[in-house]
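Let's take a walk through a protein model and see what its atoms can tell us. Keep the 3D view open while you read.

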Amino acid sequence: MADSIFFDSEAKTFSLNTAHTTYQLQIDRYGVLLHLYYGAKAVGRMDFLLTYADRGTSGNIYDAGNHREYSYDALPQEYPTSGMGDFRSPAFVLENEDGSVACDLRYQSHEIRDGKYALPGLPAVYADEKEAQTLEVVLTDDAARLTVRLLYGVLPENDIITRSAIIENDGDKKLRLKKVLSANLDFLTGKFDLVTFYGRHAMERKFQRETVTHGAKVIGSRRGASSHQYNPMMLLCEKNTTEHAGICYSMQFVYSGGFTGLCEKDGYDQTRWQLGLMDEKFSYPLSGGESFVAPEVILSCSTGGFSTLSQQLHACIKKHVCRGKWRDIERPVLLNSWEAFYFSFTGEELLGLADQAAELGMDMLVMDDGWFGKRDDDNSGLGDWYVNEEKLGGSLGSFIEKINEKGLKFGIWFEPEMVNEDSDLYRKHPDWAFVIPGRNPVRCRNQLVLDFSRKEVVDYIFEQTCKVLDCGNIEYLKWDYNRSIIDVFSHETDEQGRVLYDYILGLYDFLERLNQRYPDLLIEGCSGGGGRFDAGMLYYTPQIWTSDNTDAIDRLRIQYGTSFGYPLSTMGAHVSAVPNEMNGRVTPLNTRSIVAMAGTYGYEMDPRLLSDEERSEIKKQVAVFKKYAPLIHNGNYYRLSDPFADDYTAWLVVSEDGSEALLSAVITNERCNPLPHYVKLAGLAPNCYYYNDTLGQTYSSDALMSVGLPLPNVMNQYAAYQWHLTKTNLDDITVK
Ligand code: GLA
């Protein structure tokens, strides 16, 4: 492959080049690793950007002698530590055996190799030898006898750079890691906005853009999971950056547990941006010979605004994070039993639902919560993963056969990490749940979290899960996770500060084993909706239920926010009944379907309660989705409006070669005497024509992109449009 990583032995700079960007670091005269540049592709050494001045109270490292202008505090650091005079937020905090907190990392060696590094026990971007290169920079602190291996993966065609770090104790001292972040980016100058994605259950990943001011803005999750509250993804951009122009950067964590993200502007107007493991409740002991692996962060940079940045991330997630058979093929259109029946169903009723699914052209019936143990509500049964044959009216195997006979695939719900106190499992193994001895546990949905940092617990639940999966032809598993971790205590260790990290390793171990044993199984992640929607989960589950909120209008905002970092092929989205069960809103069936098509697509309702007319509409919708699914899931995605500010939400998917596009738009706020909404398209082939199959109209692509396409005004609340556009030769049509 063309060399994307270049070491200039004279300047001692490493340049990491992608198709459109350059990232540069330098080993300086003291062996300190400085960050020089990240931005549009650029050649040459960038150390001219550094300035030095006596910064008064900023300390000077000992080897700098009388050079008071040399201070860690004012220089852009690649992996800043605590205790050496950089008073900004550290990326790495080491507690030495004597209790002191200090770590001075200096360059030892480096290696550049083809291919992308992998991380033991953790998900990471993968690529073959031709698609990526790896840079490993080895830093050491001689006093602690500690090695830090900074890892960089460069995927030049994707404009992606990944970062991680492996920490090793080379001596015999008892060291303790108090904070280990995965990525740190220092900007010498610049006026930035920070974009974060905040929310709550049923209202995840709301877009928030704010000015980076002096002080630190911190987001994160203390919940043991990436959380509904903040997604482990952030963007940084210049003031004038828009969807289609300007420079912007992203950081995305390939990890599903707690995290912290920070953006800090210091007194010298420099900006520090960081992402990594949550350091609260984290205290990781590292004895001689042991090592610790920091989860990966995906970095990207675009000079073409947010849409290009998102497309870079989408391509990376689609082809270099998601794996397995389902990565490249269309997912089944499914009918999920949850909003149709909740816990209250019989096998007969499910078969009735399956008849509907088959009649309407869907591919799969998913039996959601309620099929196992004693589980008629959410107060009992979790942990008892054996089939309730009484409820099902027979064995699971024969039930699945009946579903398959209808021409449908079968899927099932699990929540492997949880246990109810009212369960056989808890009665037998109360110490397998997180409960702090001598304290009452905090309940959440009346359930507790199993201690997945213990191998025997993971092994047992894995065996139970396999027993169910081996009962019949199960082709889909919904992996749910419905509470946060609060009472962190493991009976297996004296080091409670390592448990949350080890828990996530246990989770990944389980998921990896599941993927290996059932390579054809489609797993959909879920966590009370979208409470664990992250690149870590996507390594094991190529789609994730985006939100428990299935209201089409709320979903527009949720899916908009999610789309900044994650492709449509990863977003679980279903059509549900109206009035919506969570907010009571009534939206047209057509609108609900168009919104769900910006995802994996399915239904979550009982179609028998609908009119014949509605059922035949659904049949058509399923057929339309199947026709456009390859375009929706493989095309380039563009956001065409701001759903928080505009009276409509529109988005577009354009095929790679520009030959076709699918425009979707929903009017979210109707006005009297309305003005037309001109939807400006993007990403079409320039200087040509596109034909609208639905309206039978032809448009100039340049006019569509510079002025826009007016949406019709109709007297219908929440009207929606979906138009398929085909690139057309002028000779083939009559254009007046
Ligand atoms: C969570 C999920 C729902 C459903 C229920 C079942 O809330 O997000 O989709 O599966 O659990 O209890």
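A residue counts as buried when its relative accessible area is under 20%. Keep that cut-off in mind, and remember that this is a predicted model.

## Two enclosed helices

Start with helix H1, which covers residues 305–320. Of its 16 residues, 13 are buried, so H1 is largely enclosed by the rest of the structure. What about its length? At 1.5 Å a residue, H1 should span 22 Å, and its end C-alpha atoms are indeed 22 Å apart.

Now look at helix H10, residues 552–563. From first C-alpha to last, H10 reaches 16 Å, close to the 16 Å expected for its 12 residues. Here 11 of the 12 residues are buried, so H10 too is largely enclosed by the rest of the structure. Among the buried ones are Ala552, Asp554, Leu556 and Tyr560.

## The nonpolar cores

In soluble globular proteins, nonpolar side chains tend to be buried together. In this model the largest nonpolar core has 193 residues, and Leu146, Ile167, Trp371 and Leu396 touch the most other members. Helix H8 (residues 499–517) gives the largest share of this core, 10 residues. A second, separate core has 25 residues, including Leu640 and Val679.

Zoom in on Leu146. Leaving aside residues up to four places away in sequence, the residues Leu146 touches include Phe92, Cys103, Ile167, Asp170 and Leu286.

## Around the ligand

Which of the 13 residues around the ligand come nearest? They are Asp368, Asp369, Lys478, Gly529 and Asp548. Two of these also have side-chain polar atoms facing a ligand oxygen at a listed distance: 2.8 Å for Lys478 and 2.4 Å for Asp548. Asn482 has a polar side-chain atom 3.3 Å from an oxygen atom of the ligand. Taken alone, the ligand exposes 300 Å², and the protein buries 96% of that.

## Loops worth a look

Just before H10, in the loop that follows strand E27 (543–545), you'll find Asp551. Is Asp551 buried or exposed? Its relative accessible area is 1%, so Asp551 is buried. A polar atom of the Asp551 side chain lies 2.9 Å from the backbone nitrogen of Asp554. Not counting residues up to four places away in sequence, Asp551 touches Asn580, Asn583, Arg585 and Thr587.

Next comes the loop between strand E29 (575–576) and helix H11 (589–596), where Ala577 sits. With a relative accessible area of 33%, Ala577 is partly exposed. Ala577 and Glu339 are 238 residues apart along the chain, yet their C-alpha atoms are separated by 8.1 Å. Ala577 also touches Arg592, Glu604 and Met605, again not counting residues up to four places away in sequence.

## Unusual backbone spots

Most residues other than glycine have a negative phi, and most peptide bonds are trans. Here are some exceptions. A cis peptide bond, with omega about -10 degrees, joins Val578 and Pro579, and Pro579 lies in the loop between E29 and H11.

Lys281 is not a glycine, but has a positive phi of about 60 degrees. You'll find Lys281 in the loop between strand E17 (271–277) and strand E18 (284–286), partly exposed at 47% relative accessible area. Tyr718 has a positive phi of about 60 degrees as well, although Tyr718 is not a glycine. Tyr718 lies in the loop between strand E37 (709–710) and strand E38 (720–728), and with a relative accessible area of 8%, Tyr718 is buried.

Key:
Residues numbered from 1 in each chain as written. Predicted model: local features only at pLDDT ≥ 70, side-chain atom pairs only at ≥ 80, totals over all residues. Heavy atoms only, no water. Helix = DSSP H or I, 4+ residues; strand = E, 2+ residues; numbered from the N terminus. Expected span 1.5 Å × (residues − 1). Buried < 20%, exposed > 50% of the residue type's maximum accessible area, 1.4 Å probe, protein only. Core = buried A, V, L, I, M, F, W, Y, C linked by side-chain atoms within 4.5 Å. Contact = heavy atoms within 4.5 Å. Near = heavy atom within 4 Å. Polar contact = N/O pair within 3.5 Å; in protein donor to acceptor, adjacent residues only side chain to side chain. Areas by Shrake-Rupley, 256 points an atom, 1.4 Å probe, with all protein chains shown as cover.
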